[in-house]
Each structure stands twice: as C-alpha cells, then as structure tokens.
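Colleague: I am new to this structure and would enjoy a guided look at one part of it. Could you take me through the aromatic residues and their surroundings?

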Amino acid sequence: MSVTATAGRTNSTLQGAAFMVSGMAIIGLIDNYVVHIAAEAGLWQFHLLRSVLACGLVMLGALIFGWRLRPKQWRGVAIRSFCAAFSMLIYFGALAYVPIAQVGAGLFTAPIFVLIFSVLFFGQPVGWVRIFAAVCGFLGVLLVLQPNPSALQLITVLPMFAGITWGIAALSTRHLCAEEETVTLLFWFFGTLGAFGAIGLLVTGLGFGDGTSFFGRGWVAPTYDFWYWTAIQALGSLVAVGCLTRAYQVGDPSYVAPFEYSFLIFAIYWGWNMFGDLPGLMGWIGLGLIVLSGVVIALRSGDASP
C-alpha cells in the first residue's frame, strides 16, 4: 500500500473516530433523561413525536439551506433506515423485560458483527489484531455492565439482534449510502422510526398493550415535561446521530465501529457527574479494556497490514 493511500486511510479513520466519539458523548448525556420521558408517556408516542420534531427541524433546515432530502439511491437508504430504526426499537423495547445491563451488552456487540459482516459480505481483510481488539472491547463492556448470567431464553438473547441490526446499518451507511448527504440519512432514519412509533400506537390503541409500561402504553395527552424532554432528545439526537452517520461515511466501519464503546465512558462520566455513581474495580478494568481496544484499532489503521 502506498504512503499516500495509508495516510488517506489514517485520516479517514481519525475523522470517523472523532465524529463517533462526539456523537457518543452527546448520547451519553441525553439518554440519562429518558427516565423523565418514560414517566410521562410510552415508547411509541416518544418515538413518533420525537421523530416529528426531528424531521421538522431537518425540513426547516432544507428550506433555509437547500439541503437535499431525496435519496440518490432509495434502496440503500431504505435498508439503512430500516435496520437502524429497528435496532433502536429492539433496544428500547427489550428494556421492558430485560435488565438494562443485558440490553446494553447486547447492543454493544455491534462492532463484533461489523467485523464479521465485513469479512463475510465485503471481503474486508480485517486481521486478527483488530478482531482481538474488538473482542477485548466487548469484554470490557461486559465488565462495566456486569450482565446477570440468567438462563438462556429468547428474551435474554433479543438485545443481541439490536447489535446485529445496528451492525448492518453501520455497514450499509458506508457501502450503500456513502454518496448520500448526512441530512438525507438523518431525515429518513427518524422518519422510519416515527413510522414504527405510529404503528406501535395503532397496535396499543387496539388493546394489545398493557397500558402501563413504557413499552405497552398507548397514547396519552402530552404534558409540558414530556414536550420539554422530548424536544431536548430530538435536538440532541439529530446532532448525535448525524455524527454517527458521518463517522461511518468517512471511515471504514470495521475501524470506526469499536469507538462506539466510548459511549460507556461518557455514560459513566455523566452518571458520576449527575448522580454520583462510579463503577467498581471490575468496571474500571473494563474501561481500561475499552480504551485499549480503541487505541489498538486506531494504531492499526495507520499500518499497511489489516
């Protein structure tokens, strides 16, 4: 590989990592406030109205700045939007039945699946060093979250599908949507998530929800607090998801994906800053593995070998 090509790959990886870490820093903050939303309304109403606000902001920006919202390739955008939105539905939906530690551990298997799918479907020469680094990062996540090793049931495995579909969304962002505008992908992601929210409200409205849980609650009259926290979520999510999208557009997903683990660092920081919560010894060891994973991936991106 030429020096120019190696430098170009290093720069794209660093750019992708910077976008990824920035997005995760924002998500690590705003997701602390979902508890306020859950106290006011259900999951489906949250997704629908947050998407309405987010899409409205993007459309306003399109009118002012001339942003392109129409996809250049509908197929790629449709695949990416469906997988990303479906991943978030599984993630939040599983929280109604599975402890958040297990759900989080399942979602953060995504970098592992990015590496696997990169090899299987795109012939990417990943290399054992990056595979080992990604596995170390995932082990770090397990140490931080310390999921309860309960009996293996479908509902306990369900969060893994959030990781799988998020991994597919990450790869499709790079390989199917690299030429799309970031705002285009943002608009259709939130639009798809909003459509899922509308379907969920319809289903719960027909009597299939329990009417009380975050997952099973139907439509309720939005309160001021709900609109306030949902608006913060909409604005923060637009910026954060935009950063994540751009990260996978400019950088190779197999290099960029492990930087998703930085979410845990920011989540712990904000948890300590806001609630005084700090991890124990195993948690700090896990954080060390997460950081080590990201450093190894970044260093290997500047090497000619995979």
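Modeller: Happy to! One term will help us from the start: a residue is called buried if its relative accessible area is under 20%, exposed if it is over 50%, and partly exposed in between. Please also keep in mind that this is a predicted model.

Let us begin with tryptophan 67. Its relative accessible area is 36%, so tryptophan 67 counts as partly exposed. Along the chain, tryptophan 67 sits in a loop, with helix H3 (43-65) on one side and helix H4 (74-94) on the other. Trp67 also belongs to a nonpolar surface patch of about 600 Å², which it makes together with Leu60, Leu63, Ile64 and Phe65. For the wider setting, the chain exposes about 14100 Å², and carbon and sulfur atoms supply 72% of that area.

Now to the rings that meet one another. A pair of aromatic rings is described by two things, the distance of the centres and the angle of the planes. The structure holds 14 aromatic pairs. One of them joins phenylalanine 187 and tryptophan 188: the ring centres are 5.3 Å apart and the planes stand at 90°, which means that the pair is edge-to-face. The two partners do not share a burial class. Phenylalanine 187 has 14% relative accessibility and therefore counts as buried, whereas tryptophan 188, at 28%, is partly exposed. Elsewhere, Tyr33, Tyr224, Tyr228 and Trp229 come together in one aromatic cluster.

It helps to see the fold around these residues. The chain has 13 helices and 0 strands, and reading along the sequence gives the pattern α-α-α-α-α-α-α-α-α-α-α-α-α. Of its 306 residues, 50% are buried. Among contacts with a separation of 6 or more, 88% are made by residues 24 or more positions apart.

For contrast with the aromatic side chains, let me finish with a glycine. Glycine 283 is part of helix H13, which spans residues 281-301. Its relative accessible area is 1%, so glycine 283 is buried. Glycine 283 and leucine 142 are 141 residues apart in sequence, yet their C-alpha atoms are 8.7 Å apart in space. So if you would like a short route through the model, start at the partly exposed tryptophan 67, move on to the edge-to-face pair of phenylalanine 187 and tryptophan 188, and end at the buried glycine 283.

How values were computed. Residues numbered from 1 in each chain as written. Predicted model: local features only at pLDDT ≥ 70, side-chain atom pairs only at ≥ 80, totals over all residues. Heavy atoms only, no water. Helix = DSSP H or I, 4+ residues; strand = E, 2+ residues; numbered from the N terminus. Buried < 20%, exposed > 50% of the residue type's maximum accessible area, 1.4 Å probe, protein only. Contact = heavy atoms within 4.5 Å. Areas by Shrake-Rupley, 256 points an atom, 1.4 Å probe, with all protein chains shown as cover. Patch = residues over 30% accessible without salt bridge, like charges linked within 9 Å, V, L, I, M, F, W, Y side chains within 5 Å. Salt bridge = Lys/Arg side-chain N within 4 Å of Asp/Glu carboxyl O. Phe/Tyr/Trp six-rings, centres within 6.5 Å; stacked < 30°, edge-to-face > 60°.
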